[in-house]
Amino acid sequence: MGPRTNREVVMTALRPEILDTTGLPAADRWPYFLDLAARAAAPIALVSEHVADFRAGSRIVDLGGVTLTGFRYQSLTGHRTPRLIRQSDPELYQIALTLSGASAISARRRETELGGGDITLLDWGRPHRLAHHSIRGGQEQATSVTVTIPRSLLPVHPDRVDRLTATRMSGTEGPGALLAQHLTRITRHPEQFRATDAPRLADLTLSLVATLLAHHLDAEDDLPVDVRQQATLARIRAFIDQHLGDPALSPRAVAEAHHLSLRTLHRLFTAERETVAATIRRRRLAGCRRDLADPLMRHLPVHRIARRWGFTDPAHFSRVFRAAHGVGPQAWRADQAEQARIDNCSASTVNPERAD
């Protein structure tokens, strides 16, 4: 069998801090969550009907100054009061994406209701109230993703940002969809990124947030050039991911879809680690790897999986795969299956009840 390691997993992965109340005694869960919520941004007065047994968790990804947090929790309400602000003003903005459940935000004389896929902006230096209710009578937890950003880092004037506090912005279309995809991917799968990627991910997060706010303020042209370029690159990457299975996907096709010259497209990627063609190839190979390792796809021939991801020539696919991973796709697939069998046997040995 060939080696299991490959160049993409040797580097140290970006690691989240995972916190969960369910491992604590019921009486300790609510106080623990209060401390967790305060760490996410700043102290806030929280109440919940589930304090006797509050079930919640989070995945915190610190990018260095910019922090992403995926939350799940039972219904709660919070109030950032003037007294709490006088005690501590962290000078932070928070962008909140509701994933499931029903949310409501009240600030600056605005009352806004939010559902799944909606985004809103909070200024932790101003009073506000928020509520997020779980669904199906509390049987399913409410979920959200937030990003906290120092006010000083956001390249949009605070007076203009204030106009968007507690407003509803779509996270399912336009710049909001790009930001939502970015936040959910990082918080759910931080292992797909290297620890050394954190500064670049922080810059991209800032650019996507700024682009979303500027879009709603009709002020995209006021953004710095580098911010607009980052947003354009994010749109291009999203387009590439959506069209990986199309054999016609190429740098020229990407450029035409975004009304760019091929030269401009290549110039945008100058500061990236790889060219446009290399990005397409790497993302296609990642999709092939996932499918080749998936037991549910074991019945599919290698060439069928390759075709699903845009590789129409089996010989070319084998050469590209071997160049990237040191072994051919068939050998790599067999190695993954063997390793899964060993892992399952080891798990059954540790816990004999699972052998049945």
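This is a short walk through the domains, sheets and helix packing of one predicted model.

I'll start with the overall division. The protein splits into domain 1, residues 17-221, and domain 2, residues 227-343. Taken over C-alpha atoms, the centres of domain 1 and domain 2 are separated by 32 Å. Where they meet, 16 residues of domain 1 are in contact with 13 residues of domain 2.

Next, the sheets. One is an open sheet of 7 strands, and its order is β1-β3-β4-β11-β6-β9-β12, with antiparallel pairing. Which strands stand at the edges here? They are β1, residues 17-20, and β12, residues 169-170; each has a single partner strand, so one side of each is left without a neighbour in the sheet. For β1, the pairing with strand β3, residues 56-62, is antiparallel and runs over 4 bridges. If you want a position to check on screen, take Asp 20, whose bridge partner in β3 is Gly 57.

The other sheet to look at has 5 strands, is also described as open, and has the order β2-β5-β10-β7-β8, again with antiparallel pairing. Its edge strands are β2, 45-47, and β8, 110-114, each of which pairs on one side only. From one strand to the next, the twist averages 10 degrees.

Within that sheet, β7 is a convenient place to stop. Strand β7, residues 102-107, pairs with strand β10, residues 128-133, in the antiparallel sense over 5 bridges. Ala 102 has His 133 as its bridge partner in β10, and Ser 103 has His 132. Turning to β8, 5 bridges join β7 to this strand, and the two run antiparallel. Ser 106 is bridged to Glu 111 of β8. How many residues lie between β7 and β8 in their hairpin? There are 2, and Arg 108 in the turn has a positive phi of about 50 degrees.

Now the helices. Two packed helices are described by the angle between their axes and the distance between the axes. I have two pairs to report in those terms.

The first pair is α5, residues 174-188, and α6, residues 198-217. They pack at an angle of about 150 degrees, with their axes 9 Å apart. Angles over 145 degrees count as roughly antiparallel, and α5 and α6 are therefore roughly antiparallel to each other. Their crossing is left-handed. On the α5 side the contact includes Leu 178, Leu 179, His 182, Leu 183 and Ile 186; on the α6 side, Leu 201, Leu 204, Leu 208 and Leu 212 are among the residues involved. By class, the contact has 10 nonpolar, 5 polar and no charged residues.

Helix α6 also ties back to the sheet I started with. It lies across β4, β6, β9, β11 and β12, and runs at about 95 degrees to β11.

The second pair is α10, residues 276-293, and α12, residues 314-325. Their axes come within 11 Å and cross at roughly 90 degrees, which makes α10 roughly perpendicular to α12. In α10 the residues are Arg 281, Leu 285, Cys 288, Arg 289 and Leu 292; they meet Phe 317, Val 320, Phe 321, Ala 324 and His 325 in α12. This contact divides into 7 nonpolar, 1 polar and 2 charged residues.

That is all I have on the model.

Technical notes: Residues numbered from 1 in each chain as written. Predicted model: local features only at pLDDT ≥ 70, side-chain atom pairs only at ≥ 80, totals over all residues. Heavy atoms only, no water. Axes fitted to C-alpha atoms, helices over the stretch in contact; angles between N-to-C directions. Parallel < 35°, antiparallel > 145°, perpendicular 65-115°, else oblique. Left-handed = near helix turned anticlockwise from the far one by under 90°. Contact = heavy atoms within 4.5 Å. Nonpolar A, V, L, I, M, F, W, Y, C, P; charged D, E, K, R; others polar. Pairing = 2+ DSSP bridges. Domains from an automatic or database assignment.
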